[in-house]
Structure formats: structure tokens, C-alpha cells
Amino acid sequence: MRIDLHTHSTVSDGTEPPAEVMRAAARAQLDVVALTDHDAVTGWEEAAAAAADAGLTFVPGIEVSCRHHGVSIHLLGYWPDATSPAFEHMIAETRAARVDRARQMVHRISADYPLTWDEVLTHATASDTVGRPHIADAMVARGHFATRDDAFAEVLGGNSRYYVPHYAPDVLDAIATLRTCGGVPVFAHPGADARGRVVPDAVIVDMADAGLAGLEVDHRDHSPQQRERLAALATQLGLVRTGSSDYHGAGKVNRLGENLTSVEAFAALEAQRG
Ligand code: AMP
Ligand code: FE
Ligand code: FE
Ligand code: ZN
């Protein structure tokens, strides 16, 4: 069984529509695949239908943008009741804040690089969640950079003077909200320190106390040493160890199935469905 629990479509910052992500998953010989767009669930219906056609088991998921004492945290949530008002409220507020934030970043960037908000919007027409990758795509189209990664390295990273943060719920509240609506929360790429600040282990202990179900140990952004350390922490805290690709289509080098979740780990998550 090949299980990949973290992928993105054009609903957020992936480059393929939900159905195409599912077809690509079948070509990558996956058996189980989750769609986890940033702060949006609007890809589920299309993905579920395409997954059924391709003979795949579909897991409805989300990657909730969170924060804790100023550090950005991504929280995966599986099988939440997306009609729950608390859940809808949480992600709607973040999506609205993301638009203001992206406009502010474009305003700052445009002082040094010719770029308009309309150009960014043309790269997010299929998206419910606007993010820095769409700004990157507009800058690539303008010829300012060759790739998304180059745009992040020069202007879009968290330490850049063009960077603006956006509202996001505190991660302990987001864990509680996910649990309330039957979701199963997993901390995405907890050790990805090359992309920004990460939280200390003490915060992971607090997250576990708040209802966290798992740690995404096996992810491209973690070294073998980090995986070993995070796996030990997961064991110590009784958390499920997951592994995933964090596929973004052509938007990232990550390939479907490059990291996988074991059958036992997946069963342990499924057993916690509300
Ligand atoms: P945002 O959600 O607007 O804060 O942008 C964060 C998203 O940008 C992440 O989910 C990644 O998909 C992408 N990202 C972050 N860092 C990089 C990077 N160095 N290169 C390419 N994409 C990145
Ligand atoms: Fe992303
Ligand atoms: Fe993420
Ligand atoms: Zn992701």
C-alpha cells in the first residue's frame, strides 16, 4: 500500500486542478491520497470523483495556516466536517487576511520590481487561497526570476523586507477546532527550518496535550537526523508518524509518493476520525 497524505491543487498553490492531482497520484501508483490545500476544501468534490474513477482511496484534508507566538505553523487536518461553522469561520478569516497581506507584499515589491496586483490575480484565477507562490508565478512571468524557488530566495522569504505576515489562528486553538469537527490534526513538516523559524519541542508537547494526532516526520524538508529526532519525539508523545510528498505539481520539485505513510499509521489516524 502506497499512502501519501499531503498534496496541493490549484485550489491553493499547486499547479494542477484537483482531478489532475488524483490522476497523477494513480500514475505514481498510490493507493491512498489526501488533498490538503492551504485553508480551503473546495477541491474535495472534484478530487473525490476523480479518485473514485482512478480506483484510489481519497482522504479529504486541509493544511491550516496557524501561528504560535509569532512562529508560522502548518497544521494538516484529515476528515473534518467542513460544514461545521467553527471550521468554516476559522479558514474564511484566514483566506480574507491572505488577500490583504498579498496586496501589501505586492505593494512593497513593486517599489523595486515592476509588478501589479492584477498580474498576481491572473496566476490565482482557479485559487480560493492566495499565497506567496502566486506572487512568485507573476514575477516569473514578468521575467524577474526563473523559478518560484528563486523568487522565494530573493524577495518572498520570511526574512525578506518585502515580507508581510497574515492573521492565522493560534495552533492550539486550531487543533481544538479540528477535533471539535471530527478532524484528525497532524503537524506538517515540523522541522522545516530552512523555510523559516520552527517551534521548540516544548510546543509540540503542548500541541499533543491539545489533541494533536501525529507528526509529519518523513518529508523532503527534514534531514535523516531530524527524522530520527522527530520519530523519537512522536514515540515519546504517543503521536502517529506520517510521511508525505507535499506535492505542488510544477510549483515544487516534490514528487508524489516520494515519502509515504505506513498502513499501520494510516489506520491509527483513521481510528481517530470523529
Ligand atoms: P504563504 O502560504 O503565502 O505564506 O506561502 C507559503 C507557501 O509557499 C508554502 O506553502 C509553500 O508552498 C511555498 N513556499 C514556501 N517557501 C518556499 C520556497 N523556498 N520555495 C518555493 N515555495 C515555497
Ligand atoms: Fe504550499
Ligand atoms: Fe506547508
Ligand atoms: Zn503543504
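Two exercises on a predicted model follow, each with a worked solution. Local features need pLDDT of at least 70, side-chain atom pairs count only at pLDDT 80 or more, and totals for interfaces use all residues. Residues are numbered from 1 along each chain as its sequence is written, and side-chain values use heavy atoms, with hydrogens and water left out.

**Exercise 1**

Task: Place W79 in the chain and state whether W79 is buried or exposed.

Solution:
- W79 sits in the loop between β4 (71-78) and α3 (85-109); helices (H or I, at least four residues) and strands (E, at least two) are DSSP runs, numbered from the N terminus.
- Its phi is positive, about 55°, although W79 is not a glycine.
- W79 has 10% relative accessibility and therefore counts as buried (under 20% relative accessible area, 1.4 Å probe, protein chains only).

**Exercise 2**

Task: Describe the interface of domain 1 and domain 2.

Solution:
- The domain assignment, automatic or from a database, gives domain 1 (3-92 + 166-270) and domain 2 (103-156).
- In the contact (heavy atoms within 4.5 Å) are 10 residues from domain 1 and seven residues from domain 2.
- Between them the domains bury about 710 Å², 41% of it on carbon and sulfur atoms; buried area is the accessible area (1.4 Å probe) that two parts lose on being put together, summed over both.
- Zero salt bridges are found across the interface (a side-chain nitrogen of Lys or Arg within 4 Å of a carboxyl oxygen of Asp or Glu).

Key
Chains lettered and ligands numbered in written order. Buried < 20%, exposed > 50% of the residue type's maximum accessible area, 1.4 Å probe, protein only.
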